Amino acid sequence: MAKKVVVESKEWEKEENRLKYCKALESGNILFFPSTPFLFPQNEIDFLLTQRQGGSTARKNISYKPQIDRITNHDAKDPIAAEKLKGILRNYSKQVTAFLSILLAPYAQDWKHDYASFRPFQEKGRNLRLRARNDLLHCDAFPTRPLHGARILRFFTNINPTESRHWITSKGFAELAQEFAEEISIPPTVGYDLKSRLIRKMKITLKAAGLKIPLRSPYDSFMLKMHNFLKENEKFQKECFKDHWEFPPHCCWAVFTDQVSHAALAGQYALEQTFIVPERALLSPETSPLAILESLSGNNLIDPEFSTIS
């Protein structure tokens with residue numbers, strides 16, 4: 001069960017607390033910041049509150065990709081507004097990264113700076129296909145970007161001026177894996193025979209050539225199946241215990257979303273920044289989903305030679 005770990009402004013400046021906050025996250029807890037812990041100009045927030053998503057409403061968010069400085073799924077009819085939106089999301093991404101590089105310093109040297117997103121839709125009653133719904137409990141997994149045991153760390157900010165963001169959480173990954181591993185079925189171990197290794201090397205070569213081929217490990221296959229299984233399991237969604245969370249305006253929170261089962265029941269106008277934290281950066285790798293699954297199965301579920309590929 002996830003617990004709220006409140007991070008006050010005077011506390012995050014203390015170096016001795018940084019290990020404590022990393023350990024709290026790896027224990028399946030949520031770091032909660034009562035106010036935004038970095039500069040976020042009000043005029044930028046006001047601009048975001050006027051934005052609408054472009055393209056298909058079936059796509060979940062407006063995304064910012066820092067590696068290529070690009071936004072997607074926005075309203076591109078006004079290029080000046082689009083450029084301003086990109087600048088605001090770029091600044092948010094940089095501010096979050098700078099802040100967490102201090103607060104969660106043990107991760108910062110090794111993490112991968114992933115996408116940021118702006119979520120302008122109201123989550124309550126949102127019409128999405130079942131596997132894309134945010135209001136169903138799930139643990140995060142990426143369908144097209146395998147992680148090979150790396151962790152999904154997310155930092156959220158509620159910029160709605162009046163409305164809280166309503167989450168629920170339930171069992172943590174360790175308990176869910178114990179309960180459902182047989183039903184979901186953990187894939188067999190990574191193949192180390194010559195044929196298996198040649199196939200993996202061929203996929204890498206094709207991906208390097210520009211083809212979109214996910215190099216999915218047995219670990220990634222299980223995580224994606226669990227994500228889908230939980231959302232499709234009506235009995236679990238109805239009968240599991242649930243903790244309710246209210247994230248009020250201007251607050252922030254951070255959580256390993258591949259470990260804490262969660263759902264967003266209501267709320268509009270949230271920002272989020274994702275970091276991919278490799279297993280080598282963890283303080284307690286034995287609590288990670290990868291370690292739990294390998295312990296349950298007795299198998300190696302990633303190939304160390306390709307563990308950094310995503």
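This is a short chat about a predicted model, its overall make-up and its cysteines.

Reader: Hey, before we start, what should I know about how this was set up?
Author: It's a predicted model, where local features need pLDDT of at least 70, side-chain atom pairs count only at pLDDT 80 or more, and totals for chains, interfaces and linings use all residues. Residues are numbered from 1 along each chain as its sequence is written, and side-chain values use heavy atoms, with hydrogens and water left out.

Reader: Cool. How many helices and strands does the chain have?
Author: There are 10 helices and 11 strands. Those are DSSP runs, numbered from the N terminus: helices are H or I with at least four residues, strands E with at least two.

Reader: And what share of the residues is buried?
Author: 52% of the 310 residues in the chain. Buried means under 20% relative accessible area, using a 1.4 Å probe and protein chains only, while exposed is over 50% and partly exposed lies in between.

Reader: What about contacts in the chain, how many join residues at least 24 apart?
Author: Among those between residues at least 6 apart in sequence, 84% do. A contact means heavy atoms within 4.5 Å.

Reader: Switching topic: how many disulfides are there?
Author: The structure holds 0 of them, a disulfide being a pair of cysteine sulfur atoms within 2.5 Å.

Reader: Okay, so is Cys-139 buried or exposed?
Author: Cys-139 is buried, at 1% relative accessible area.

Reader: And Cys-240, what's its relative accessibility?
Author: Cys-240 comes out at 11%, and that counts as buried.
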